[in-house]
Amino acid sequence: LQDCLTYLTVGRLVERKGVDHMLEALAGLGDRLPPWKYLVVSDGPYREALEALSRRLGLTDRVHFCGFIDDARLPAFYRTCDVFAMPNREVVVPGQGSLSVEGFGIVFLEAAACGKPVIAGRSGGAVHAVEDGTTGLLVDGEDIESLQQALLGLTDVGRRQRMGAAGIRFAARFDWQRYADILKRYR
């Protein structure tokens, strides 16, 4: 991974996480990106389909499905990557008339706390976990071209470093004890 731009997604492998669109975006960029690798951490019902898509797109030498990683080892993955990317989107749940929507997205804060720029979908709670243009980039999770532009925009090392530093400051604002103390007042 040392000589590659490394992307990381951490999250249960379901359609709304956008791993499928990451694969399509990366494949579509061809030689416009420097050498890269993509680490997909976790497991879920969509994994088999994602692995098949990776094979169809000819990405098996660059995409690594790492499976479930325990919390103690997870920070090492965040530190290893150059960009955290989870272009989440809303997905209609067939037969239920409802949407599968990303919640707040603690993974975005975890990546920010490790000094990594983030690419997130402009959907659900992700919009509150990423400061667009400052700690990362919000994209339309349905738009492959939008995602590709974000990926290309974060090939610049200086931009990644600035966003990573801003992300550390942003994540530090989320002091869970402080929020718990505030909520206790309303019991």
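The largest nonpolar core of this predicted model has 28 residues. Tyr-7, Trp-36, Tyr-38, Ile-119 and Leu-151 have the most contacts inside this core. Many elements feed the core. Strands S1 (5-10), S2 (36-41), S3 (63-67), S4 (83-86) and S8 (136-139) each supply at least two of its residues. So do helices H1, H2 and H6 (144-153). H1 gives the most, with six residues.

Take Tyr-38 as a way in. Leaving aside neighbours within four places in sequence, Tyr-38 is in contact with Tyr-7, Leu-8 and Thr-9. Tyr-38 also meets Val-19, Met-22, Leu-23 and Leu-26. Its other contacts are Arg-62, Val-63, His-64 and Ala-85. A second, separate core has 20 residues. Val-10, Phe-77, Met-86 and Val-107 are included in that second core.

Now look at the sheet. Six strands form an open sheet with parallel pairing, in the order S3-S2-S1-S4-S7-S8. S3 and S8 stand at the edges. Each of these two has a single partner strand, so one side of each lacks a neighbour in the sheet. From one strand to the next, the twist averages 20 degrees. H1 packs on this sheet and touches S1, S2, S3 and S4. The direction of H1 makes about 170 degrees with that of S2. Angles over 145 degrees count as roughly antiparallel, so H1 runs roughly antiparallel to S2.

Follow the pairing through S7. S4 and S7 (residues 118-121) pair in the parallel sense over three bridges. Met-86 has Ala-120 of S7 as its bridge partner. On the S8 side, S7 and S8 pair in the parallel sense over four bridges. There, Leu-138 of S8 is the bridge partner of Ala-120. Ala-120 is thus named in both a bridge with Met-86 and a bridge with Leu-138.

What covers the two faces of a strand can be read from its side chains. In a regular strand the side chains alternate between the two faces of the sheet. In S7, Val-118 and Ala-120 lie on one side, while Ile-119 and Gly-121 lie on the other. All four are buried, and both faces of S7 are covered. Ile-119 is also among the residues with the most contacts inside the largest nonpolar core.

S1 holds another buried residue. Thr-6 is found in this strand. Thr-6 has a relative accessible area of 0%, and the cut-off for buried is under 20%, so Thr-6 counts as buried. Not counting residues up to four places away in sequence, Thr-6 touches Leu-1, Lys-37 and Leu-39. Thr-6 also touches Thr-80, Cys-81, Asp-82 and Val-83.

Next comes the helix pair. The axes of H1 (residues 19-29) and H2 (residues 47-56) come within 10 Å and cross at roughly 5 degrees. Angles under 35 degrees count as roughly parallel, and H1 and H2 are therefore roughly parallel to each other. H1 makes the contact through Val-19, Asp-20, Leu-23 and Glu-24. H2 answers with Leu-50, Leu-53 and Ser-54. By class, this contact has four nonpolar, one polar and two charged residues. Val-19 and Leu-23 of H1 also appear among the contacts of Tyr-38.

Finish at the loop between S2 and H2, where Ser-42 is found. Ser-42 is not a glycine, yet its phi is positive, at about 125 degrees. Its relative accessibility is 14%, so Ser-42 counts as buried.

Conventions: Residues are numbered from 1 along each chain as its sequence is written. This is a predicted model: local features need pLDDT of at least 70, side-chain atom pairs count only at pLDDT 80 or more; totals for chains, interfaces and linings use all residues. Side-chain values use heavy atoms; hydrogens and water are left out. Axes are lines fitted to C-alpha atoms, for helices over the stretch in contact, and angles run from 0 to 180 degrees between N-to-C directions. Angles under 35 degrees count as roughly parallel, over 145 as roughly antiparallel, 65 to 115 as roughly perpendicular and the rest as oblique. Contact means heavy atoms within 4.5 Å. Ala, Val, Leu, Ile, Met, Phe, Trp, Tyr, Cys and Pro count as nonpolar, Asp, Glu, Lys and Arg as charged, and the others, Gly among them, as polar. A nonpolar core is a set of buried Ala, Val, Leu, Ile, Met, Phe, Trp, Tyr and Cys residues joined through side-chain atoms within 4.5 Å. Buried means under 20% relative accessible area, exposed over 50%, partly exposed in between (1.4 Å probe, protein chains only). Two strands pair if DSSP finds at least two bridges between them.
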